[in-house]
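Let's take a walk through this model, looking at how some of its helices pack. Have the viewer open and follow along.

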Amino acid sequence: MTADTITADASGTWELGDLPVHRIGLGAMRLTGSAAFHLGTPSDRERSIAVLRRAVELGVNHIDTAAFYFSATRSANELINTALAPYADDLVITTKVGPFRDYHGEWGASARPDQLRGHVEENLRQLGRDHLDVVNLRRMRQDSIAEHFGALAELREAGLIRHLGISGVEPRHLAEALEIAPVVCVQNRYALDRPDPVDDEMLRLCGEHGIAFVPFFAVAGQAGPQAAPDTHGDEVRSIARAHGATPAQIRIAWTLHQGPHVLAIPGTGNPAHVTQNIAAGALHLTPEELARLNAVHDADR
């Protein structure tokens, strides 16, 4: 097989509630520009649409997005709607609410619980759907998420949302949410070169509860919402050479090797990169290679 023929099912599957998805998906953040939000130059519209269609051609059935993923001239949700609607029955679109940006692109304060319905309805409008498959509550520094998560649980009961997740959380927030409604995924920042004991514990707890753990910035690492890094550590480069792979592919493979409940959502605005990212789901790291990469992850603890 070549990268052009490897499909997303090579990564395995997981169920978000009753929605089966391949473990490698697509993050929509970088569809809008060279870096997230307003931090780069806006993307070429047709190129971003090509990324989405190529991903689906290669079996991706899990796309992560948000209404606040936009640049000066591009909206991730609008691109998804244009490229993929009418949507395939097996396509799962996950979105998130909590943060928001005004018409100038400036960040607003965290939404109040009573404002979350508006956030959900805006995602519905932009995506052209009558319900959302999965909605993550992105915690915005609040100590308790009970009131916000409870508001989303009410929208789930009303049929606007099928399943719920949480993002940017600690173990106590997961426990809090589970007292209110089922949680199908946790989306936290997690990367090979960014050790964090809290996120390592969240990874473990999600496995125990049968909840998907969905890292963001797994490839970008320390660069976060800025453009993806063009430098990688010696161990990553060495293992990439051994597999005839790119360093980014090794980062994705390491992420998927952290457990069968881990889903990868690498983002890109480049059709060639989306093919490479999906092919990373077929990479099998040896125990020795995993040990070397785990040592990199644990080095700065």
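What follows goes through two helix pairs and then one residue.

This is a predicted model, where local features need pLDDT of at least 70, side-chain atom pairs count only at pLDDT 80 or more, and totals for chains, interfaces and linings use all residues. Residues are numbered from 1 along each chain as its sequence is written, and side-chain values use heavy atoms, with hydrogens and water left out.

Start with helix H3, residues 116-127. Helices here are DSSP runs of H or I with at least four residues, strands are runs of E with at least two, and both are numbered from the N terminus. H3 has twelve residues, so at 1.5 Å a residue it should span 16 Å, and the 17 Å between its end C-alpha atoms agrees with that. (The expected span is 1.5 Å times one less than the number of residues.) Right after H3 comes Gly 128, with a positive phi of about 70 degrees.

Which residues of H3 are buried (under 20% relative accessible area, 1.4 Å probe, protein chains only)? They are Leu 116, His 119, Val 120, Asn 123, Leu 124, Gln 126 and Leu 127. These buried residues pack against helix H2 (76-84), strand S5 (92-97), strand S6 (132-138), H4 and strand S7 (161-167).

Now bring in H4, residues 146-157: H3 packs on it at an angle of about 50 degrees, with the axes 10 Å apart. Axes are lines fitted to C-alpha atoms, for helices over the stretch in contact, and angles run from 0 to 180 degrees between N-to-C directions. The two helices are therefore oblique to each other; angles under 35 degrees count as roughly parallel, over 145 as roughly antiparallel, 65 to 115 as roughly perpendicular and the rest as oblique. On the H3 side, Leu 116, Arg 117 and Val 120 meet His 148, Ala 151, Leu 152 and Leu 155 of H4, contact meaning heavy atoms within 4.5 Å.

Further along, helix H7 (residues 234-243) and helix H10 (residues 287-298) have axes that come within 10 Å and cross at roughly 155 degrees. That makes H7 roughly antiparallel to H10. From H7, Glu 235, Val 236, Ser 238, Ile 239, Ala 242 and His 243 meet Glu 289, Arg 292, Leu 293 and Val 296 in H10.

Finally, zoom in on Ile 80, which sits in helix H2. Ile 80 counts as buried because its relative accessibility is 0%. Leaving aside neighbours within four places in sequence, its contacts include Ala 28, Leu 52, Tyr 87 and Leu 127.

Definitions and conventions. Buried < 20%, exposed > 50% of the residue type's maximum accessible area, 1.4 Å probe, protein only.
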